[in-house]
Every structure is written in structure tokens, then in C-alpha cells.
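Work through the exercises below with the model open beside you, and try each task before you read its solution.

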Amino acid sequence: MHFSIPETESRSGDSGGSAYVLRKEYGANVLPAFPPKKLFSLTPAEVEQRREQLEKYMQAVRQDPLLGSSETFNSFLRRAQQETQQVPTEEVSLEVLLSNGQKVLVNVLTSDQTEDVLEAVAAKLDLPDDLIGYFSLFLVREKEDGAFSFVRKLQEFELPYVSVTSLRSQEYKIVLRKSYWDSAYDDDVMENRVGLNLLYAQTVSDIERGWILVTKQHRQLKSLQEKVSKKEFLRLAQTLRHYGYLRFDACVADFPEKDCPVVVSAGNSELSLQLRLPGQQLREGSFRVTRMRCWRVTSSVPLPSGGTSSPGRGRGEVRLELAFEYLMSKDRLQWVTITSPQAIMMSICLQSMVDELMVKKSGGSIRKMLRRRVGGTLRRSDSQQAVKSPPLLESPDASRDTMVKLSSKLSAVSLRGIGTPSTDASASDVHGNFAFEGIGDEDL
């Protein structure tokens, strides 16, 4: 699959100039096609359309560390976000929520990127610099019952103020939450008073939401909470199923059968699929990331019942799918597909779990994974630079339903990892997994 930045974009405006530099630096085949920019002022509808295109673009390039570590590319995206929303650079007050709903107000610039805002929040909370890399900012939508639906983890090159205000709805919030998956790293965080309080608040909140599965430990947890024994509370919580997991909204999967309603959670190097059987019995299937050979995210519009597309028909409902090839037994690989609006977020969670596993395997530490400013330029630490994207693999999947391409609104952003399902999927749509391990039947 080949990508290029349109000539019209590369010859006009600041973003266009950066696009031209990027194309020379990385080559046309590396960069996804960027949403084209018009020479004249955009209407409100066009601004919203371009915002959606930019959001999909940014979520896709997040999975390419080569681009994500480029300050030229980050600067290009920052200007594109400001230009699209026509937001001048100025100081503003931004609200960030903790997991328990507590509000933290920080003064930032509208042009500040995610790490700048994260550092401002850490400074306001008195969180030490060496613990900042253990936390991330997430864009969430607050539901009517007060629960959070995760939209995405804010990327390094995003402008949090622009991202949340451009949605023009009070239900969208920015939340601070731990960013690692292995609970062994809790020990580093719990050494510090502020880190301990943040971890405790998140765990209490996750238990109250039902994200952490508590069976017989309710009384003991309540007793420790009343005594404000935070470390002991966390030690007990660590033994519970789904501790530290991120839960997604209810969706549909084709496992164990087609169109099966499930609730997906990500954590502890696995995806968990919970489903309720007809007798109201709760069942769970766990898929270890080390047994996923590869995965891909596709966006599509189902064909009408007649099987053909008509130019005059209304737009179909966009459907996002995460599909991963799983080693079910020693010699049997099977594709499992999850249909969810949060499919891209799930894919990013898988990638971050693989990254964490590879850092740990190489003897690195996530304490060093925070990007640092050196001479005004953001740089990744050596340990994070060592984590490379897995090789792209050919997909043997040949049983996908026929789909039509997205409308021009999305096809203008042909993204790596976001393709249109077909019987001959391109290798560019598939993310290979460096952490994939061969196992025997006795291990299943």
C-alpha cells in the first residue's frame, strides 16, 4: 500500500511546508495520506469533517514509532490541529480529572502538546518527574451514570486543549490514569506518597465501577478502606481479577459464536471477553497477547442487502473492527473479530502491551520511557527507541464479508492499519507481533 501527501497540501501554508519536508525526509511510501486543506475559509461542517479526519489520522500514525518520535512530524500535526480549529496560541485554564472525579486545574498554552500538559498536572499534584512516565492522559466521554467511556489515549503530538474543546460537548473530559499494564510496576509508584494516592484512587474507582471483579473480598477491602490502609488495600486488590484493566463499552464479537454480545477489557498482557449466557451465567474468554500472531483494524460500511452499492443511497453506518489471529492450539490459528467503535483504542492497547513486554524482555525500564526535552527538542529515551514496530505480516484470512469502501470523508485518510476488509488483505493493514510465542497443547 502506498501513501503520499497531496501536492496541494505541500505547497500551501505552514502545515503544507512541513508536509513537503516530511515527504522528503521519510519518503512518500511511509507517510499516510494527509487530509487535504482548502485555500479558503472552512465552513463549520467542513471544520468538523477535517477534525474527524485529523483524529483518525493521529490515531493511525500512533502505531508507527518512526513518525511518533519525529519532532518535525509532531510540529506538523500540532500546526494542523490549530489551523483546523482556528485556535490562536494563548494561555488557558484546562480541567483534568483524576479517576475518582477530583478536578485538577492547570494553566497551559493552547499549543501545548500532551506531554506539556501531563507535566503541568504532575507539577500541580507534586508528582516526581521520574514517575510522570507511569501515567497518561486519556480522552473520555462521561455517560449519564457518571461512568467513563474511553475515546482514546492522548497521543504525544496532540494538543489536549484543542482535542477536548473541538468536540464542543461538556461530556468529553481529560482523565489522568496509569499507563502501564504490569502490576509489578506498582511498587515504583507506591514508594511515593502522591503516586500511592493516585493508584489508590484509581483502584477504588475501578472497584466501584465493577471493572475489578470482587468475589469474597468485599468485607476485607472495606475494612482496609476504613483504616485508610492504602498499601494493604492495593496489595489485596492486586490479587483480584481485572486489577489494572481498562474496560471498553459493550460490543459484539464472533467468538465463541457470531454476533455474540461481549464486554472487552484490556490488561495483564491479554484481552478479556466477558459474555452472559442465556441462563445469566457470566463466562469469560482470555486471549494472551503473546499468542496473537498479528492483528489489524478495519473501518467499513456494510453493503446493502442487495449486495451492490448505489451512488444515490444514504451513507451507511461506519463500522470499526479489531481482528487478531490467535494461536488456539499448537497447530491451529484462528481469527477473532471484535466489532466496536473503540477498536482503534483496543489496537493501541495491544501495541502498548507488546511494547511493555519487549522493554521488560530487553532489561529496560518504563521509568525511562518518558520523553524528555533536550535543547528544546523532544526525544525518546534509549529504552523506548529500542522498541520497534513488529514486521507487517501477510494475513491468511480469506473469509471476510464483502464490504464497500468508506465515503470520501474517510477514504481521504487512507491510513496504515485502517483498511477495507477484503479476501486479499494487504500486509500494510496487518500489525505483526514481536511478542508472539509458539506454545504447545499442554500450555493451553
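A residue is called buried under 20% relative accessible area, exposed over 50%, and partly exposed in between (1.4 Å probe, protein chains only). The model is predicted, so local features need pLDDT of at least 70 and side-chain atom pairs count only at pLDDT 80 or more, while totals for chains, interfaces and linings use all residues. Residues are numbered from 1 along each chain as its sequence is written, and side-chain values use heavy atoms, with hydrogens and water left out.

**Exercise 1.** Classify E95 and K103 by accessibility, and describe the contact between them.

Solution. Begin with E95, whose relative accessible area of 29% makes it partly exposed. K103, at 56%, counts as exposed. Next, recall that a salt bridge is a side-chain nitrogen of Lys or Arg within 4 Å of a carboxyl oxygen of Asp or Glu. K103 and E95 form such a bridge, with their closest N and O atoms 3.8 Å apart. A search of the whole structure finds 13 salt bridges.

**Exercise 2.** Find the salt bridge between K360 and D182, and work out which parts of the chain this pair ties together.

Solution. First take the distance, which is 2.4 Å from N to O. Then place the partners, using helices (H or I, at least four residues) and strands (E, at least two) as DSSP runs numbered from the N terminus. K360 belongs to helix α12 (residues 343-361) and D182 to the loop between β5 (172-178) and α8 (186-190), so the pair ties together parts that are 178 residues apart in sequence. Finally, K360 is partly exposed, at 45% relative accessibility.

**Exercise 3.** Describe how strand β9 is covered and how it pairs with β8 and β10.

Solution. Strand β9 covers residues 270-276, and six of its seven residues are buried. Two strands pair if DSSP finds at least two bridges between them. Strand β8 (residues 260-267) pairs with β9 in the antiparallel sense over five bridges, and V263 stands opposite Q274 in β9. These two strands form a hairpin with two residues between them, and N268 in the turn has a positive phi of about 50 degrees. Turning to the other partner, β9 and strand β10 (residues 282-288) are also antiparallel, over seven bridges; here R276 has L282 in β10 as its bridge partner.

**Exercise 4.** Decide how the rings of F138 and F150 are arranged, and then do the same for Y200 and F233.

Solution. A pair of aromatic rings is described by the distance of the centres and the angle of the planes. Rings of Phe, Tyr and Trp (its six-membered ring) pair if their centres lie within 6.5 Å; planes under 30 degrees apart count as stacked, over 60 as edge-to-face and the rest as tilted. The structure holds nine aromatic pairs. For F138 and F150 the centres are 5.5 Å apart and the planes stand at 85 degrees, so this pair is edge-to-face. F138 lies in strand β3 (residues 135-142) and F150 in strand β4 (residues 148-153); F138 is buried at 5% relative accessibility, and F150 is buried at 2%. For Y200 and F233 the centres are 5.2 Å apart and the planes at 70 degrees, so this pair is edge-to-face. Because Y200 lies in helix α9 and F233 in helix α11 (residues 230-237), the pair ties together parts that are 33 residues apart in sequence.
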